[in-house]
Amino acid sequence: MCHVLIIEDEWLIAEYLIYLAEEAGATSIATASTEADAVRAAQERRPDIIFSDVKLLAGTGPRAVQAIFSALGKIPVIFISGVPDSCQPCEPPNVILRKPVDPARLLGAFRRLAPV
């Protein structure tokens, strides 16, 4: 079983990421559109992997991820952003992909990082 948390504030992109996560083998998916909602969703059910935008309407993906790490420990993250250079902090082993996301690169990163 693989639970994915998608942190994305643009609903159409979130829907596309849900589709790609399902194609990659995710068995359950939660979505959040703000930093606070992302932390809350992770606390409700610990994700096995996170897909996160960088800039959100309320907060940032990297700050949400850091708060999740503080509460739950390290979790693999794939950052997906139109502004990948502003992803701070986004240190390895996290992956940073540019929007529009290349589905093959996302699926490859998912398969490398997601627990078996």
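Trainee: What comes right after helix α3, and what is notable about its phi?

Mentor: Gly73 follows α3, and its phi is positive, near 90 degrees. Most residues other than glycine have a negative phi. Gly25, which follows α1, has a positive phi too, near 115 degrees. Before we go on: this is a predicted model, where local features need pLDDT of at least 70 and side-chain atom pairs count only at pLDDT 80 or more, while totals for chains, interfaces and linings use all residues. Residues are numbered from 1 along each chain as its sequence is written, and side-chain values use heavy atoms, with hydrogens and water left out.

Trainee: What makes α3 a helix, and how well does its span agree with what is expected?

Mentor: Helices are DSSP runs of H or I, at least four residues, and strands are runs of E, at least two, numbered from the N terminus. α3 covers residues 61-72, which is 12 residues. The expected span is 1.5 Å times one less than the number of residues, so α3 should span 16 Å, and its end C-alpha atoms are indeed 16 Å apart. For α1, with 14 residues, the end-to-end reach is 20 Å, close to the 20 Å expected.

Trainee: Which residues of α3 are buried, and how do you know that they line one face?

Mentor: Buried means under 20% relative accessible area, exposed over 50%, and partly exposed in between (1.4 Å probe, protein chains only). In α3, Gly61, Pro62, Ala64, Val65, Ile68 and Phe69 are buried. Looking down the axis, they fall within an arc of 155 degrees, so they line one face of the helix. The arc is taken over the directions from the helix axis to the C-beta atoms.

Trainee: What covers that face?

Mentor: Contact means heavy atoms within 4.5 Å. The cover over the buried residues of α3 includes β1 (3-7), α2 (35-44), β3 (49-52) and β4 (77-81).

Trainee: Why is Thr60 called a cap of α3?

Mentor: A polar contact is a pair of N or O atoms within 3.5 Å; within protein, one must be able to donate a hydrogen and the other to accept it, and residues adjacent in sequence count only if both atoms are side-chain atoms. A side-chain oxygen of Thr60 lies 3.1 Å from the backbone nitrogen of Arg63, at the N-terminal end of α3. Since 3.1 Å is within 3.5 Å, the pair passes on distance.

Trainee: Why is Ser28 called buried?

Mentor: Its relative accessibility is 15%, and the cut-off is under 20%, so Ser28 counts as buried. Ser28 lies in strand β2 (residues 28-32). Its side chain makes a polar contact with the side chain of His3, at 2.7 Å. Leaving out residues up to four places away in sequence, Ser28 touches Cys2, His3, Val4 and Arg45.

Trainee: And what makes Asn94 buried or exposed?

Mentor: Asn94 comes in at 13% relative accessibility, so Asn94 counts as buried. It sits in the loop between β4 and β5, touching Phe69, Ile75, Val77 and Phe79, with residues up to four places away not counted.

Trainee: How do you know that β3 pairs with β1 and β4?

Mentor: Two strands pair if DSSP finds at least two bridges between them. There are 4 bridges joining β1 to β3 and 3 joining β3 to β4, so both pairs qualify. β1 and β3 run parallel, and β3 and β4 run parallel. Within β3, Ile50 stands opposite Leu5 and opposite Val77 in β4.

Trainee: Which way do the β3 side chains point?

Mentor: Ile49 and Phe51 point one way, Ile50 and Ser52 the other way, and all are buried. In a regular strand the side chains alternate between the two faces of the sheet. Ser52 has a relative accessible area of 1%, which makes it buried.

Trainee: What makes a nonpolar core, and which residues have the most contacts inside the largest one?

Mentor: A nonpolar core is a set of buried Ala, Val, Leu, Ile, Met, Phe, Trp, Tyr and Cys residues joined through side-chain atoms within 4.5 Å. The largest has 21 residues, and Val4, Leu17, Ile49, Phe51, Ile78, Leu106 and Phe110 have the most contacts inside it. Its largest share, 5 residues, comes from α1. A second, separate core of 20 residues includes Leu5, Ala30, Ala41 and Ile75.

Trainee: What makes the peptide bond from Lys99 to Pro100 stand out?

Mentor: That bond is cis, with omega near -5 degrees. Most peptide bonds are trans. Pro100 lies in the loop between β5 and α4.
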